[in-house]
Amino acid sequence: QLQASGGGLVQAGGSLRLSCAASRRTFSTYLMGWFRQAPGKEREFVGSITWGGGTTNYADSVKGRFTISRDNAKNTVYLQMNSLKPQDTAVYYCAATSRFGATIARDYDCWGQGTLVTVSS
């Protein structure tokens, strides 16, 4: 129901845009989130956006560098990542939930397959 894409290899300071295409069923949920998981680390919240008003929320580690947006007509959510750092290297996942303000992985019900982002120094 969720299909993430757009990952790849980029140099530090560069940019990437990830996309997450949602099915019509997932589209009815309230909140879309992005998470990431680096090797040996827990999955961490990156940011989220509401389908309705487009209200966004970001982790402190990405605030000012990453931007989440959505295209309701295409049922797609985007994660624009600028000024990338080697520590941003991870598998990035999109997820959906009906829980207001959710920022932890277990509160999300539906997950995409993940897309790998590698930032070289």
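## Strand β9 and its neighbours

In this predicted model, β9 and strand β10 (residues 110–111) form an antiparallel pair held by two bridges. Within that pairing, Ala 95 sits opposite Trp 111 of β10.

Let's follow β9 to its other partners. With β4 it also runs antiparallel, and here seven bridges join the two strands. One of the facing positions is Arg 36, which stands opposite Tyr 92 in β9. On to β11: three bridges link β9 with this strand, again in the antiparallel sense. Tyr 92 stands opposite Thr 115 in β11, and Ala 90 stands opposite Val 117 in β11.

β11 has a further partner in strand β2 (residues 8–11), and this time the pairing is parallel, over four bridges. There, Leu 9 has Thr 118 of β11 as its bridge partner.

Here are these pairings side by side:

| Strands | Sense | Bridges |
|---|---|---|
| β9 and β10 | antiparallel | two bridges |
| β4 and β9 | antiparallel | seven bridges |
| β9 and β11 | antiparallel | three bridges |
| β2 and β11 | parallel | four bridges |

How enclosed is β9 by the rest of the structure? Largely so, because seven of its eight residues are buried. β11 offers another pattern to look at. In a regular strand, side chains alternate between the two faces of the sheet. Along β11, Thr 115, Val 117 and Val 119 point to one face and are buried, whereas Leu 116, Thr 118 and Ser 120 point to the other face and are not buried.

Now for the interior. The largest nonpolar core has 35 residues, and those touching the most other members are Leu 2, Met 32, Trp 34, Phe 66, Leu 79, Met 81 and Tyr 92. At least two residues of this core come from each of β1 (2–5), β3 (16–22), β4 (31–37), β5 (44–50), β7 (66–71), β8 (76–81), β9 (90–97) and β11 (115–120). Which strand gives the most to this core? That is β9, with five residues. As a general background, nonpolar side chains in soluble globular proteins tend to be buried together.

Leu 79 is a good residue to centre your view on. Leaving aside residues up to four places away in sequence, Leu 79 touches Leu 16, Arg 17, Leu 18, Trp 34, Val 46, Phe 66, Thr 67, Ile 68 and Tyr 92.

Definitions and conventions: Residues numbered from 1 in each chain as written. Predicted model: local features only at pLDDT ≥ 70, side-chain atom pairs only at ≥ 80, totals over all residues. Heavy atoms only, no water. Core = buried A, V, L, I, M, F, W, Y, C linked by side-chain atoms within 4.5 Å. Buried < 20%, exposed > 50% of the residue type's maximum accessible area, 1.4 Å probe, protein only. Contact = heavy atoms within 4.5 Å. Pairing = 2+ DSSP bridges.
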